[in-house]
Amino acid sequence: MVKTAWVTDSTAYLDSELKKHPDIYSVPLSVILNGEVFADGIDLTSHELFERLKHLKSPPKTSQPSVGAFQEVFERLSKDYDQIVAVHLSGKLSGTVSSSEQAAKLVDIPVTIFDSNILTLPMSALMKKGMELLAEGHNLEHVIKKMEEIRDTNETYVLVGSLEQLHRGGRMSGVQFFLGSMLNVKPVISFDNGALYVKEKVRTEKKAKDKILEYFKQAYEKHHFKEVYLLYGLHEEHTVDWRQEIQTRYPELNVLDAPLGAVIGVHAGENTLGISWFNGLK
């Protein structure tokens, strides 16, 4: 039997099942605050990050793992495994996929790189599905094809807590930042093939939340997917209203929630709230 290691990065949300799994390995991204480098999820929690952000002299930065960091992990795993599958956050948001791809060329063990086009909990859900399919006996080519098919049905909508942080981090253009901050517009941010774009511009947060829930309802009534992911910056209580409404209306649907983590928090802000699902995950 082919023994497979699954590698991801620290923007993935690992629940207790994934944390305990013997074949999952995570490589941390870095957060740089006033010149000091922290390993995401190891040296810095989201709470610590947002507390430090209040006192920063210079804008915070993030950095993908180095090629060498991935190479070291891949070489270590080659002693115990026959192949590696590496599942990473969107290559349009970070150079992590690129670092992993370069490292894969430097090692003898076969490494398959999978760009999730997303991040955090939805990315972990894709990895979990891939692991299930592989455990059922499907070959890796079939598993990756199914993961790609599911990935391409994703819908994600986000109310960003800090447009300024998103703009400073280079993830939103100056024009979009101006529209959101100067004209009191609440943009609904979405993903297009792994890249962020402004899906809607509405006047109030309530209207933005109502709009997002309408997208969700339309998608669920059409596709009947099995789970939905609520994503938050720092405050889990921000997910309560959406959770209650979804569970009341669709009690059969599994509602999961997770923090975005420090690296994503640097760019999005502590008051960020998002919702994500895969229309093809049933």
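**Figure 1. A salt bridge joins Glu-205 and Lys-186.** In this predicted model, the side chains of Glu-205 and Lys-186 come together with N and O 3.6 Å apart. A salt bridge here is a side-chain nitrogen of Lys or Arg within 4 Å of a carboxyl oxygen of Asp or Glu. Glu-205 belongs to helix 9 and Lys-186 to strand 9 (residues 186-192), so this contact links distant parts of the chain, 19 residues apart. Helices (H or I, at least four residues) and strands (E, at least two) are DSSP runs, numbered from the N terminus. Both ends are partly exposed: Glu-205 has a relative accessible area of 40%, and Lys-186 has 22%. For these labels, buried means under 20% relative accessible area, exposed means over 50%, and partly exposed lies in between (1.4 Å probe, protein chains only).

A word on reading the views: residues are numbered from 1 along each chain as its sequence is written, and side-chain values use heavy atoms, with hydrogens and water left out. Because this is a predicted model, local features need pLDDT of at least 70 and side-chain atom pairs count only at pLDDT 80 or more, while totals for chains, interfaces and linings use all residues.

**Figure 2. Helix 10 takes part in two further salt bridges, through Glu-245 and Arg-243.** Lys-217 pairs with Glu-245, their closest N and O atoms being 2.9 Å apart. Lys-217 sits in helix 9 and Glu-245 in helix 10 (residues 240-249), so the pair ties together parts that are 28 residues apart in sequence. Lys-217 is buried at 13% relative accessibility, whereas Glu-245 is partly exposed at 31%. Now look at Arg-243, which bridges to Asp-257 with the closest N and O atoms 2.9 Å apart. Since Arg-243 is in helix 10 and Asp-257 in strand 12 (residues 254-259), this pair ties together parts 14 residues apart in sequence. Arg-243 is partly exposed at 22%, and Asp-257 counts as buried at 18%. Elsewhere, salt bridges that share partners join Asp-15, Glu-17 and Lys-128 into one network. The structure holds twelve salt bridges.

**Figure 3. Trp-277 pairs with the rings of Tyr-157 and Phe-216.** The structure holds twelve aromatic pairs. Rings of Phe, Tyr and Trp (its six-membered ring) pair if their centres lie within 6.5 Å; planes under 30 degrees apart are stacked, over 60 edge-to-face, and the rest tilted. The rings of Tyr-157 and Trp-277 are tilted, because their planes meet at 45°, with centres 5.8 Å apart. Tyr-157 is in strand 8 (residues 154-159) and Trp-277 in strand 13 (residues 273-278), so the pair ties together parts 120 residues apart in sequence. Tyr-157 is buried at 5% relative accessible area, and Trp-277 is buried at 0%. Phe-216 meets Trp-277 edge-to-face, 5.5 Å centre to centre and with 75° between the planes. Phe-216 comes from helix 9 (residues 205-223), so here the parts tied together are 61 residues apart in sequence. Ring pairs link Tyr-157, Tyr-215, Phe-216, Tyr-220, Phe-225, Tyr-250 and Trp-277 into a cluster.

**Figure 4. Lysines lie over the rings of Tyr-81 and Tyr-215.** Lys-3 lies over the face of Tyr-81, 4.8 Å from the ring centre. The charged end of Lys-199 sits over the ring of Tyr-215, at 5.3 Å from its centre. A charge counts as over a ring if NZ of Lys or CZ of Arg is within 6 Å of the ring centre and within 35 degrees of the ring normal.

**Figure 5. Helix 4 has a buried face.** The buried residues of helix 4 (residues 96-104) are Thr-96, Val-97, Ser-99, Ser-100, Ala-103 and Ala-104. Seen down the helix axis, they fall within an arc of 165°, so they line one face of the helix; the arc is that of the directions from the axis to the C-beta atoms. These residues pack against strand 1 (4-9), helix 3 (67-77), strand 6 (83-88) and strand 7 (111-115).

**Figure 6. The largest nonpolar core has 46 residues.** A nonpolar core is a set of buried Ala, Val, Leu, Ile, Met, Phe, Trp, Tyr and Cys residues joined through side-chain atoms within 4.5 Å. Trp-6, Val-31, Leu-33, Leu-49, Val-87 and Met-127 have the most contacts inside this core. Helix 5 gives the most to the core, with eight residues.

Methods: Contact means heavy atoms within 4.5 Å.
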